[in-house]
Amino acid sequence: MSFFANTATSSTVGAASNTSSAGDKDVEVIDPPTDSISSLSFSSQADYLAVGSWDNSVRIYEVGAGGQTQGKAMYQHQGPVLDVCWNKEGNKIFSGGADNAGRMFDVTTGQATQVAQHDAPIKVVGWVDAPGTGILATGSWDKTIKYWDLRTANPVATVQLPERCYTFDIQYPLMVVGTAERHIQIFNLNNPNTAYKTIQSPLKWQTRVVSCFTPASANSGFAVGSVEGRVAIQYVEEKDVQSNFSFKCHRRDTVPNNKDQALVFAVNDISFHPVHGTFSTCGSDGTIHFWDKDARTRLKSFDAAPAPIAATAFNRNGNIFAYAVSYDWSKGHSGNTPGLPNKIMLHSCKDEEVRKRAARK
């Protein structure tokens, strides 16, 4: 196990006001990655944060009760790391990268091993908390999803997708997959080899992220974010589709009060609150918003940084919100200009920022 830090910050996590900048009050994680940050994931068992980066590494941080952080371990891929996740027990971390490999880090032994392989970069990894034994799912630009039983070397199943996998999310038994060309496939993981439903994204431009509602939600569904500064709320079952809607976010008017001349920014991540079922969006415009889908209202908005917010994550009880200030690759290689920051911030969530509002009549 490679320890990359042994000092802690002394700051405490502070909340931003509803409209002000958050950066001067939120706590910065020590020893951040040295290149763009692709993914953040908290353990479901303790306040440990896994971070994937374009510097080929996965870093693991411990977050203290007051917001202080300490680097605990780090392991490497042979190319940029594109996604990270934990297993349910919180003792293993999984990552996928541009080296076409999926890797597992055992927290108890400090050992990293390769557990998955694709023919193209692995864009997303997810833990399927299936009864009896957990399964690792990996989605790739080779247009497949593969399921891995960690006790065997080969995938237990491979699903052919209509296009390159850009994103997926899992809330067992629901898995939602977003691919190139705006395809969205919905899986019931009790029958994981065949899509339960295939739809076209309700958004007109490239899918950037999909995120499933929390299990506490009354009806099964998911949110979709695109490069055009829009989010769609979609329900799985036909009986609920009348509740589908989409809305604009992460946009700025080039001329004040002129709605026809908007600067449009990519929606980079959507994270659902584990307790309240509200959700966050972050974008290339450097802003973060908290939303209540049922009341169809914005709960909080803050200018987090003068740079893109690339990834976000709530901890297991929803009182810490992590966000990565980093280049998001929404403008390709040419947009990665010198001087862009790479840092991870921790925001202390007040209950009034994230709890649901009374639904509109």
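## A span rich in strand

Over residues 267-301 the chain is 63% strand and 0% helix, with the end C-alpha atoms 14 Å apart. Residues 30-63 can be described in the same terms: this span is 56% strand and 0% helix, and its end C-alpha atoms lie 11 Å apart. In an unreviewed UniProt entry, the feature "repeat: WD" is placed at residues 30-63, 74-115, 115-158 and 267-301.

## The whole chain, and how far to trust it

Please keep in mind that this is a predicted model. The mean pLDDT of the protein chain is 89, and 87% of its residues reach 70 or more. Over residues 1-23, however, the pLDDT is below 50, although this stretch has 81 contacts in the model beyond near neighbours in sequence. Where pLDDT is low, the predicted coordinates should not be read in detail.

The protein chain holds 30 strands and one helix. Of its 361 residues, 56% are buried. Among contacts with a separation of 6 or more, 46% are between residues 24 or more positions apart. The chain exposes about 15,300 Å², and carbon and sulfur atoms supply 47% of that area.

## Strand β11 from the inside

Let's zoom in on one strand. β11 covers residues 135-140, and six of its six residues are buried, so the strand is largely enclosed by the rest of the structure. Here buried means under 20% relative accessible area.

In a regular strand the side chains alternate between the two faces of the sheet. In β11, Ile135, Ala137 and Gly139 point one way, while Leu136, Thr138 and Ser140 point the other way, and all are buried.

## Its two partners

On the N-terminal side in sequence, β10 (residues 122-128) runs antiparallel to β11, and six bridges join the two strands. One pairing to look for is valine 125 in β10, whose bridge partner in β11 is threonine 138. Six residues lie between the strands of this hairpin, and in it glycine 132 takes a positive phi near 90°.

β11 also pairs with β12 (residues 144-148), again in the antiparallel sense, over four bridges. Threonine 138 appears here too: its bridge partner in β12 is lysine 146. The hairpin of β11 and β12 has three residues between the strands, and lysine 143 takes a positive phi near 70°.

Threonine 138 is therefore a handy place to start when you trace this part of the model: it is buried in β11, with valine 125 and lysine 146 as bridge partners.

Technical notes:
Residues are numbered from 1 along each chain as its sequence is written. This is a predicted model: local features need pLDDT of at least 70, side-chain atom pairs count only at pLDDT 80 or more; totals for chains, interfaces and linings use all residues. Side-chain values use heavy atoms; hydrogens and water are left out. Buried means under 20% relative accessible area, exposed over 50%, partly exposed in between (1.4 Å probe, protein chains only). Two strands pair if DSSP finds at least two bridges between them. UniProt positions are given in the numbering used here, feature names are shortened, and annotations may be inferred rather than shown by experiment. pLDDT is the predictor's confidence in each residue, from 0 to 100. Contact means heavy atoms within 4.5 Å. Accessible areas come from the Shrake-Rupley method with a 1.4 Å probe; for residues, only the protein chains shown count as cover.
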